Amino acid sequence: MRLDGSGGNPQDKTSPERRLDKARAQVFTKELALLAGLRQHSAFTKWEPTLGGKFPRQKYDTIIQEVQNILNYMALISYASSILQYDDENDPEQASWLKTFSQLVRSVDLTSHELTSTLSLLSAAVTNGNPLPPYLQAPEPYKLSAKLEAIDADILNISHIAEPGYAAFAVMQIASSLISDDMGKLIQ
């Protein structure tokens, strides 16, 4: 939405981008509250009687940490992508690179159904108390840089390193690969 300008004016309270940002902030806040509750439950397991066996506290804490990492990386991607809005009047040089980058990104299918499906499966497994399907693989990191270089080899050239969009792209690529790594750890 930020790259193609379809989000509308971020200052307008009724624009799609503003509504999406508001929804993202609400989900982020709920997730932080849930993680705090999970940490509190984990801390209380020290004093619970061990009827039927000891609670796997270390494994539980590892799951909490992996979810926290994924949440942090998603917040980082959201923050980094906010720089990908270009303003033709104020900085035409930066707008030129971002406009070209935007056109290339729109020509590539960026939807990652694998990550959404994996998150849905994890949610259903936890909610219903069922195991994950056998042989479930973690989604591969999205290789946008390879797809962009196949279309335009110069777009990610080192000469563009001073562009704010270039740095944001690098942050988003690294964070998305770290999300995939942590998803793989959660699935195990």
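Two residues are in contact when heavy atoms of each lie within 4.5 Å. The structure described here is a predicted model, and contacts in this sense link three of its helices, α1, α2 and α6.

Take α2 (57–81) and α6 (residues 164–187) to begin with. On the α2 side, the residues that meet α6 are Ile63, Glu66, Val67, Asn69, Ile70, Tyr73, Met74, Leu76, Ile77, Ala80 and Ser81. Their counterparts in α6 are Ala168, Val171, Met172, Ala175, Ser176, Leu178, Ile179, Asp182, Met183, Lys185 and Leu186. By class, the residues of this contact of α2 with α6 are 16 nonpolar, three polar and three charged.

The geometry of the pair is as follows. The axes of α2 and α6 are 9 Å apart, and the packing angle is about 160°. Because angles over 145 degrees count as roughly antiparallel, α2 is roughly antiparallel to α6. The crossing of α2 past α6 is left-handed.

Helix α1 also packs on α2. The 29 residues of α1 (residues 16–44) should span 42 Å at 1.5 Å a residue, and the end C-alpha atoms are 42 Å apart, so the expected and modelled values agree. Within α1, Glu17, Leu35 and Ser42 are buried, and the buried residues of α1 pack against α2.

The axes of α1 and α2 come within 10 Å and cross at roughly 160°, which means that α1 is roughly antiparallel to α2. This crossing, too, is left-handed. From α1, the contact takes in Arg24, Phe28, Glu31, Leu32, Leu35, Leu38, Arg39, His41, Ser42 and Ala43. From α2, it takes in Arg57, Tyr60, Asp61, Ile64, Gln65, Val67, Gln68, Leu71, Ala75 and Ser78. The contact of α1 with α2 has 10 nonpolar, five polar and five charged residues. Val67 of α2 appears in the contact with α1 and also in the contact with α6.

A further point of interest is a loop. Leu136 lies between α4 (113–128) and α5 (144–151). With a relative accessible area of 21%, Leu136 is partly exposed, because the buried class requires a value under 20%. Leaving aside neighbours within four places in sequence, Leu136 is in contact with Leu121 and Ile187. The C-alpha atom of Leu136 is separated by 9.1 Å from that of Gln188, a residue 52 places away along the chain.

Conventions:
Residues are numbered from 1 along each chain as its sequence is written. This is a predicted model: local features need pLDDT of at least 70, side-chain atom pairs count only at pLDDT 80 or more; totals for chains, interfaces and linings use all residues. Side-chain values use heavy atoms; hydrogens and water are left out. Helices (H or I, at least four residues) and strands (E, at least two) are DSSP runs, numbered from the N terminus. The expected span of a helix is 1.5 Å times one less than its number of residues. Buried means under 20% relative accessible area, exposed over 50%, partly exposed in between (1.4 Å probe, protein chains only). Axes are lines fitted to C-alpha atoms, for helices over the stretch in contact, and angles run from 0 to 180 degrees between N-to-C directions. Angles under 35 degrees count as roughly parallel, over 145 as roughly antiparallel, 65 to 115 as roughly perpendicular and the rest as oblique. A crossing is left-handed if the near helix is turned anticlockwise from the far one by less than a right angle, and right-handed if clockwise. Ala, Val, Leu, Ile, Met, Phe, Trp, Tyr, Cys and Pro count as nonpolar, Asp, Glu, Lys and Arg as charged, and the others, Gly among them, as polar.
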